[in-house]
Amino acid sequence: MRDSRFDILFEPVQIGPHTTRNRFYQVPHCTGMGYRHPNAEAAHRGIKAEGGWGVVCTQETEIHSTSDLSPANEGRLWSDADIPALRLMTDAVHEHGSLAAIQLVHGGSHSPNLYSRQPAIAPSHTTVDWGGPIQARGMDLTDIKNLRNWYVEAAKRAKIAGFDIIYAYAGHDMTILQHFLSARHNHRTDHYGGSFENRLRLFREVVSDLKDSVGDTCAIAIRFAVEELLGSDGIEHKNEGHDVIEALAEEPDLWDVNLSDWTNDSQTSRFAKEGFQEPYTAFVKSVTTKPVVGVGRYTSPDTMVRLINSGHLDLIGAARPSIADPHLPRKIEQGRINDIRECIGCNICTAGDNTNVPMRCTQNPTVGEEWRRGWHPERLRPLSSKQHLIIGGGPAGLESARTLTNRGADVTLAEARKTLGGRVTLESSLPGLNEWARVRDYRIGQLAEKPNAQLYTQSPIAAGDVLSFGIPNVVLATGANWRTDGVGRTHKHPLSYLLAPNVFSPDTLMQTGPDKLPNGTIAFFDDDTFYLGSVLAEQVAHTGRRVLFITPNPIVAPYSDNTLEQDRIQRRLIDLGVKIISLHKLAGLSKHTITAACIYSNVETVYECQALVPVTMRLPNDRLWLELQARKSDWQDAGINSVTRIGDCHTPDLIAAAVQAGYQYGAEFGEPVTTPKREVFAGGTVQS
């Protein structure tokens, strides 16, 4: 039963001609599925409506061929031919009584038009900010007239497709409407440039055009970034951010406010905690009577109630929390707070969009698989009571145990260490990563309530033990360990000089902390490209030791650009005094020095160094697997039907991949083998 304190979250809200069923609002967010995978897109959004989100939005949806964001998989509404694909989504959302919203966008100088090959356009002559050495031409008055018409035509198509709310989008520094607003981008000298009122003119006209064309049946929303965190070089919430809201206060039916650019709006938990946007958006309700939605990676219903009662927001917006738990509103409504899968703020979801593939989620392994595999975040097929022994209590082992027990299986899980969680427990102790422990804590909490789950720690298991237990189905989730011999992307053979006592494994550093390192200079060789090398270097730098960060890459942690945090990672290391040596590989190590070589010239440089931590790649802990394979002839007599490796002990990968491996084993065990569905293009129409 719902806690009465949360009743206010389930009150309806009027948005123009429509009324939401509650205050839960999934704001526009990318999925990496978009127009190329409309069935997958529709299934993903439909499950959120089923889970209680009163409004469910698309991602940015291109309105014209001059707004082509290829190769990104965004929404597309260039012509009437795109309507059926979007109708799949509105039907899926309406089926559960929610409102469907679409975020119309023209990217301007953010649209390279690589597929359409149209010339890019912008308020003024400028470069396109991604996609290559491409320029955008400054628009003339005919271009502006055409742009306004493209918005109107797209809105009419959106109405036909069944959308209830239609957005004018001016945020994240990647929309033409924001570029016209910004003196940084708009250098015009006509009545669309110069003064604040002139720079606002096009935005005001587009909003008016949308209201005139579809406002009779569709609500018109504005999504606007009130702050760019650029100081006087950008929009500031105390100046022009405030002025835009005040000038257009009553024009839309809804204000959706946030920060710009995307790296600021969707900061990882390593750099920003829940509610970090509140100081910038608090003023909005004071200058408009229209409903306001905002975000802050909110997962706590108490915080949500505070935001409503304080007059900060009318609707609780979410992107990442709605991905981690599509049924978050329903769980609050049903009094199941402890069942919420809280977002950990790792931004693996954004990495999907940035690599142009369907996104995934560390907490919710069903994301992106709702249509393709038919996975559902809350429903599983029953399984007759079959016994499973899971060896390893990391993310893969815990998730397989959770999934199996939910299906009715009897599970015994044995972990060799004192604590459960595996790599999640180790990594969540590092600076800024404490929220990652939610991956472990959610699963342990779920299993603690299951009478058919037995969890044991400090229980190392050998091959003979497995055979003696006689449990028919054995799952090996024994994880992986970091190499210390330098082998990885750059060095393909072990480096003999790393067989030295002053070489420390990342695993050792995480288990014992930096106190075990010698005093003096500590070098990191990061060939992994993601977060771990930088966060370990940060941890050591906090002890006062001098730190060298050697990498063959041109920047620190380049993959983290996909999780929107690369610039913050590198800036933090610089602020901590870490010496970054980029574009170098290892060439030698002694007791007091390390030698690095330029990856292009092989010119060597010697640095003072007392210890090295190589962060290159991991090897699976598959000893038990090999021992059991060697005794496979004994399986039948021992009553063993199957032995399966999952997670890092099978293939070292992201934590998200380990969780998905655990879910896949648990969800598909005993089920007929099926081939995941695939969407293909045929005659211009997407077919399944």
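Leaving aside its neighbours within four places in sequence, which residues is L9 in contact with? Select L9 in this predicted model and display what surrounds it: beyond that sequence window, the contacts are N22, R23 and F24, then P301, M304, V305 and I308, and finally I316 and I332. L9 is also a good place to begin because, together with F203 and F224, it is among the residues with the most contacts inside the largest nonpolar core, which has 71 residues. Apart from that core lies another, of 38 residues, and to bring it into view you can select some of its members, including I344, A557, L573 and A656.

L573 leads on to helix α19, residues 566–575, where it is one of the buried residues, the others being Q566, R568, I569 and Q570. With those five residues shown as side chains, add the elements around them: what covers the buried residues of α19 includes α7 (262–265) and α18 (532–541), as well as the strands β21 (547–551) and β22 (579–582). Before leaving this helix, step just past its end to G577, which takes a positive phi of about 80 degrees.

Next, select α18, one of the elements covering the buried residues of α19. Of its 10 residues, 10 are buried, so this helix is largely enclosed by the rest of the structure. The buried set runs from L532, G533, S534 and V535 through L536, A537 and E538 to Q539, V540 and A541, and you may wish to colour E538 and Q539 separately within it.

From α7, another of the covering elements, move into the loop between α7 and α8 (278–281), where Q267 is found. Is Q267 buried or exposed? It counts as buried because its relative accessibility is 8%, and the cut-off for that class is under 20%. Its side chain reaches the backbone oxygen of N264 at 3.1 Å, and, not counting residues up to four places away in sequence, Q267 touches A272, F276, R297, R320, N347 and R568. The last of these, R568, is also one of the buried residues of α19.

For a final stop, go to R417, in the loop between β16 (410–414) and α14 (423–427). R417 is partly exposed, with a relative accessible area of 35%. Leaving aside neighbours within four places in sequence, R417 is in contact with G422, L426, T457, Q458 and Q511. To close, draw a C-alpha to C-alpha distance from R417 to G393: the two are 24 residues apart in sequence and 8.7 Å apart in space.

Conventions. Residues numbered from 1 in each chain as written. Predicted model: local features only at pLDDT ≥ 70, side-chain atom pairs only at ≥ 80, totals over all residues. Heavy atoms only, no water. Core = buried A, V, L, I, M, F, W, Y, C linked by side-chain atoms within 4.5 Å. Buried < 20%, exposed > 50% of the residue type's maximum accessible area, 1.4 Å probe, protein only. Contact = heavy atoms within 4.5 Å. Helix = DSSP H or I, 4+ residues; strand = E, 2+ residues; numbered from the N terminus. Polar contact = N/O pair within 3.5 Å; in protein donor to acceptor, adjacent residues only side chain to side chain.
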